[in-house]
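Visitor: I would like a close look at a single part of this model, namely the nonpolar core and what is packed into it. Please take me through that part carefully, and then through whatever else deserves a look beside it.

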Amino acid sequence: MPQSLLPIFALFEYDKISFAIVATAILVNVSCALLGCFLLLRRMSLLGDAISHAILPGLALGFMLTQSRAIWPMLAGAMFVGVLTALLTQVLTRWARVPEDAAMGVVFTSLFAIGVIMIHRVARQVDLDASCVLYGMLETAAMDTTTVAGVTLPRTVLTMGIVCALVIVFVVLLWKELKIVSFDPDLATTQGINANVIHYLLMSMVAAVTVAAFEAVGSILVVAMLIAPAAAASMLTDRMSIMLLIAALCGIASAVIGREIAYPLGASVPGMMSVVAGAIFTLAVIFGPSHGLLIKALRRWKLSLRIVREDVLSMLYRWDEISPERALQRSQAQAALGGGLLPRFAIWDLLRDGRIKREADGVALTERGRRQAQTLVKSHRLWEAYLQKVLGFPADHLHASADRTEHFMNEGLVRQVADAVDNPRIDPHGKPIPRREGSRVDLGEKE
Amino acid sequence: MFGLQYNTLLVIAGTGLLGLSAGVIGAFAVLRRRALMGDALSHAALPGLCIAFMLYGERNFLVFMIGAVISGVIGVLCVSLLRHHTRIKEDAAIGLVLSVFYGAGIVLLSIIQRQRNGQQAGLESYLFGQTASMVMQDLATIIGVTLLTLLILLLFYKEFKILSFDREFAAVQGWPTLFLDLAMMVLLVITTVAGLPAVGVVLMAALLIIPGVSARFWTDRLDKLLLLAGLFGLLSGVIGTLLSDKLDDLPAGPVIVLSGSIIFFLSMLFAPRRGVISRVLQHLALRGRVARQNLLRSFYELSEPDLPALKTVSTEALVHHRGWTLGEVKRLLNSAQAEKQIEPVGASDAHQWRLTAAGLSAAADVVRVHRLWEIFLIEHADIAPDHVDRDADQIEHILSPELIARLESHLFNAGRWPKAAVPASPHKIDAGVMSAKESA
């Protein structure tokens, strides 16, 4: 029994038909996901879409020539047209100077139109129609079984198994070439790898997978699987090998979860699988560990917090210079930094840190806070001096630039700037530039 | 009228107008490199259609339209969000929206079809289009959409124009680019959704893309481009419907698209200037002119020591001088002889040639420009004398008369140029070196 061959399916206690559906979908999804990674990196994701539409006339051609629904002639016809799509797109782009996306649009829609007409002509003789190409017949295809080496398998599982194995062999054998061509076709060419040959091999594989998959799952799932798992994987990793692995896992997960949801609803299984793939992608976009929206927002927030914290410190330092007898009120400080949540949190955080302290009528710097504030104010004022002396900025244009730059100057840069303006004691506005005393870090003055 | 039935006329009017508005609004999309956005839109509209049907419970064009427009706009927003805020590139974003929305649409469709009234929805027709079943209400919608599209384009023509060519400039000038962008997208969505029942999801993308791309071959002006795109769209709608009516009930949608494809193909081949045939001819003409000029310069250089006496030059000397093949030289000599720039000396099989007076003056012009550029390169671009020949060889054929005049007066003022005569070559003319360079 198939269940005993793959123990993982026993987990779900599938019957024969469910096994056939899920196994077929997994094989399709893995094949597509692996190829999709290369398409994504070469920015050719839509070529997969184009090919999967454009193979229609190829299928019809294969059928018309042999007058049978045997898979191999249709596969050959569709692969021919699939590669033709890529070729025609390239010809239009190169020779007729049509923008690439428009060229692709013209080619695949025209081929699809031809395909619909051809199928319309032959449809009276056979149950091959265009909607079957889009939706697939996963449920009925599962009933059609064949026996190989004593094991009874659904025919689609057998076909897709062979195709999936071919894809894996293709990827493993041409790993180095595919990788280099995906990232830098010009480098590949200088290394003696024919980028064009690899390109068309990839296109043939995409066409082959699309064709083999169409009758089982339809072209919707193929297009979704060529793009979504690869896109999700690209949000999660920067390594090619791991990307392929994640994409394949994502394809498997879409197949299993999609079927689980679709079955009780009586909804289209391939459709639901592509929706699940989309959902997985959405999760990856939001929660991706280094490129996700959440982590990016967090990083931005941390940067803003650091800047506001530093602004509070340098503001307290300046306040001390102007009116050392009076402490700055907390509400005033918040209002001066634009109000809102961030300054409020920054002041709370600084208090917690022990860089500022509560005083009777407001907040003031602690010794620790003063040291950091000195560094900041020093950076600020030195940068103003540098802008004026070396770059010749007018006096009223100095502050805004220094206000930004002070947060990003490190010790080495402060030292260089100080040297460039001969370590002045006052800045262009006549304010004293803080000196080394009391400073924890070496601020770089030459005495 | 014209021997056509009322229904056929209605369909022709509908598809023609649809082609017109899709062509015009699609031309903008093509210009802005968003050709496939229409494809994504028409797929993304499907879940909206289904939800509209589920909520409303029966077939109603306006309700379908609203649902489709909403989900289409959401799809477009998703593409733009992914493109701006993640590392996903635009093509992948379009593909993702297209396939996932479409998958969701198929899921909803399959659920609807299980319901009691599901078969009445006629939602299937949105996938492939059923042009022949178009009714007066559909035509009215298409007329409304077309008028709306054309009116808005007319009102905001200047704004859309600036947005299409230089979005940053438009933003700097204070145009509300985001609003205009959105307005254009909404027009695209409305047109797409209006076309779905007639031609279906995939072929709607064709109606948006193909007229614009075809029109682009004929003109560089936006107003003409829009007119032509509209015309091509109209033509493919009308011709396609007529053909499908005449030809053994072929489905109209694909025939309309194929009519458009044929217009595209003809435009690509025969358009002046940008068409493939015209470009090949231009290329051949340039090659012929370059070869002729090289021949004349070789004649001049070979006979230079004896000037003003015109020396006889043998075919072999020319072959050696430029590194041409014998066949090429013979062809060039024949054409130059036909234009009386050279004349044979002695017997016709002696392979001896001499410049005519006209040929000498043409050759002198070529050599002047060549050396002018060489001297310019040596003096102003700091290129070594033994390297200038090849650079000049490439540029001499395409220098404009204005540039030549400026170079001449520049060098003349510097005392480096004899007015109106051919200066001596700044480098040694060595036939062997020349041919080696040429063949490189």
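Guide: What follows begins with the core and then turns to a helix pair, a hairpin and two backbone angles. Please keep in mind throughout that this is a predicted model.

The largest nonpolar core has 209 residues, and the members that touch the most other members are Val28(A), Leu35(A), Val209(A), Ala231(A), Ala247(A) and Val97(B). The element that gives the most to this core is helix H11 of chain A, residues 195-236, which supplies 29 residues. Ala231(A) is a useful place to look in detail: leaving aside residues up to four places away in sequence, Ala231(A) touches Leu40(A) and Phe281(A) in chain A, together with Ile88(B), Ala92(B) and Leu96(B) in chain B. Apart from this core there is a second, separate one of 30 residues, which includes Ala317(B), Ala362(B), Leu372(B) and Phe376(B).

Within chain B, the packing of two helices can be followed residue by residue. The axes of helix H1 (residues 6-31) and helix H9 (residues 177-199) of chain B come within 10 Å and cross at roughly 150°, and the crossing of H1(B) with H9(B) is left-handed. On the side of H1(B), the residues that meet H9(B) include Gly14(B), Leu18(B), Ile25(B) and Phe28(B), while their counterparts in H9(B) include Met184(B), Leu188(B), Thr191(B) and Gly195(B). Sorted by class, this contact of H1(B) with H9(B) has 10 nonpolar and 5 polar residues, and no charged ones.

Chain A also offers a strand pair. Strand E3 (residues 356-359) and strand E4 (residues 362-365) of chain A run antiparallel and pair over 4 bridges, and a hairpin of 2 residues joins E3(A) to E4(A). Ile356(A) has Leu365(A) in E4(A) as its bridge partner.

Finally, two backbone angles in chain A merit attention, given that most residues other than glycine have a negative phi. Arg43(A) has a positive phi, near 55°, and lies in the loop between helix H2 (16-41) and helix H3 (45-66) of chain A. With 14 other C-beta atoms within 10 Å, Arg43(A) is partly exposed. Asp422(A), likewise not a glycine, has a positive phi of about 60°, and lies in the segment after helix H19 (411-420) of chain A. Asp422(A) counts as exposed because 9 other C-beta atoms lie within 10 Å, and the cut-off for exposed is 12 or fewer.

Methods:
Residues numbered from 1 in each chain as written. Chains lettered and ligands numbered in written order. Predicted model: local features only at pLDDT ≥ 70, side-chain atom pairs only at ≥ 80, totals over all residues. Axes fitted to C-alpha atoms, helices over the stretch in contact; angles between N-to-C directions. Left-handed = near helix turned anticlockwise from the far one by under 90°. Contact = placed C-beta atoms within 7 Å. Nonpolar A, V, L, I, M, F, W, Y, C, P; charged D, E, K, R; others polar. Buried ≥ 20, exposed ≤ 12 C-beta atoms within 10 Å, placed from the backbone. Core = buried A, V, L, I, M, F, W, Y, C linked by C-beta atoms within 7 Å. Pairing = 2+ DSSP bridges.
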